[in-house]
Structure formats: C-alpha cells, structure tokens
Amino acid sequence: MTRPIRYDLAFGCYEDALRMVGTRTAPRYAGTAVSGARIQHFAAMVRDRNPSYWDEEFARRQWGGLIAPPALLMGWLIPPPWLPTDQPPTSSIAIRVPLPGITFINASNEVDFPCTIVEGDRLHIVEEVVAVSEEKHTRLGAGHFVETRDEFHRQDGTLVAVNRNTLFRFTPGADR
C-alpha cells in the first residue's frame, strides 16, 4: 500500500520554539548529483537561453561544466515524494519548530552564491533555526516569523550557497 507523503507541522508554544534557536541539522545529502538534464529541463521551462546551461563546450571552458541556474537551488535537495526504501522524506527544519499555527507562507528569501554549482556536484545541506519572533498580528492572522539559514556544500566541503529564509507560521483569520 502506498502511503501519502505528509510533512507534519510541530506544535508547541513560543517558548518551545525559542529553545530551537541555534539548532543545526545533520547534513542531508541529495540523492543524485547535479545533472545537465535537470539544468536544461529547468532552463527550457523558463525559456532561458544562457549558454552556460546549454552549450557544454562553452560552459566547460567558462565554469568547468554546465552550471545550475540559481533558481533551481532548492530543487537539488527537496526530497522526492517517494523512494523505494519507503522511508518518509525529511522535512525542512522550519516546519519542525514547535509553534501554534496551522499553515505558513514564505515571507522572504535571500541567497548568496560564493561558488558556482556545476554539473556533477553532489550537494548536501545543513539547516539552522536563526530566530523566532514574538507573536505578530497581520491581515493573514496571528503567528510567528521563523528565520532559517541553510548552507549548501558540494562533496569536497566547499560552501556553494547560503539561503536565508523567513516563514510566517500562522492560523488564518485568527485576528478576525
């Protein structure tokens, strides 16, 4: 029997969430290497003609191989919805922060790329909870902002990207 994939939110209070600030995950490894096929499929979907995604000879001379589009960063480490091991995928640390609120939205995202991600790289991520705000009241409802910092490394340990993300965890209409 195939079980549906679920990412369960952790529930708790603000004080529980504050105890997670500074928590870092163990490295989580991508199941496959960065591939030219995925790079080109993504570039085709967004109609990006950049030769660094299409021209292997040019990309090899310029970068050492086809490069990964910056917008594809998260896609390399999102767990697939099913694996033959039947192990559930590992959820992002942000939804494991125990808070009230039944849903979340992405409030902001900022990424730095100190190195280019190239075809063949095998990536891993380490996530950290950076901050949790006191309860805020917005038009969406009452909730908390959760800031995370994700470090992406290639197989040799080189830092290739740092993603800073803020989610708003809330209950819709709680203030209405």
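This passage looks at the nonpolar cores and the pockets of one chain. The model is predicted, so local features need pLDDT of at least 70 and side-chain atom pairs pLDDT 80 or more, while totals for chains, interfaces and linings take in all residues. Residues are numbered from 1 along each chain as its sequence is written, and side-chain values use heavy atoms, with hydrogens and water left out.

The largest nonpolar core (buried Ala, Val, Leu, Ile, Met, Phe, Trp, Tyr and Cys residues joined through side-chain atoms within 4.5 Å; buried is under 20% relative accessible area with a 1.4 Å probe, protein chains only) holds 21 residues. Val34, Ile39, Trp76, Ile117, Leu123 and Phe152 have the most contacts inside it. Two elements, α2 (36-45) and β6 (159-172), each give two or more residues to this core, and α2 gives the most, with three. Helices here are DSSP runs of H or I with at least four residues, and strands are runs of E with at least two, numbered from the N terminus. Apart from this core lies another, of eight residues, including Ala17 and Val129.

As for open space, the largest pocket has about 490 Å³. Pockets come from a 1 Å grid over the protein atoms alone, as open sets where a 1.4 Å probe fits, with protein on both sides within 12 Å along at least five of seven lines; lining residues have an atom within 4 Å of a point. Of its 22 lining residues, Arg28, Met74, Ile78, Ser92 and Glu127 sit closest to the centre. The second largest pocket has about 320 Å³, and of its 18 lining residues the closest to the centre are Tyr29, Gly31, Pro79, Pro80 and Leu83.

Methods
Buried < 20%, exposed > 50% of the residue type's maximum accessible area, 1.4 Å probe, protein only. Points joined across faces, edges and corners; volume = space filled by probe spheres on them.
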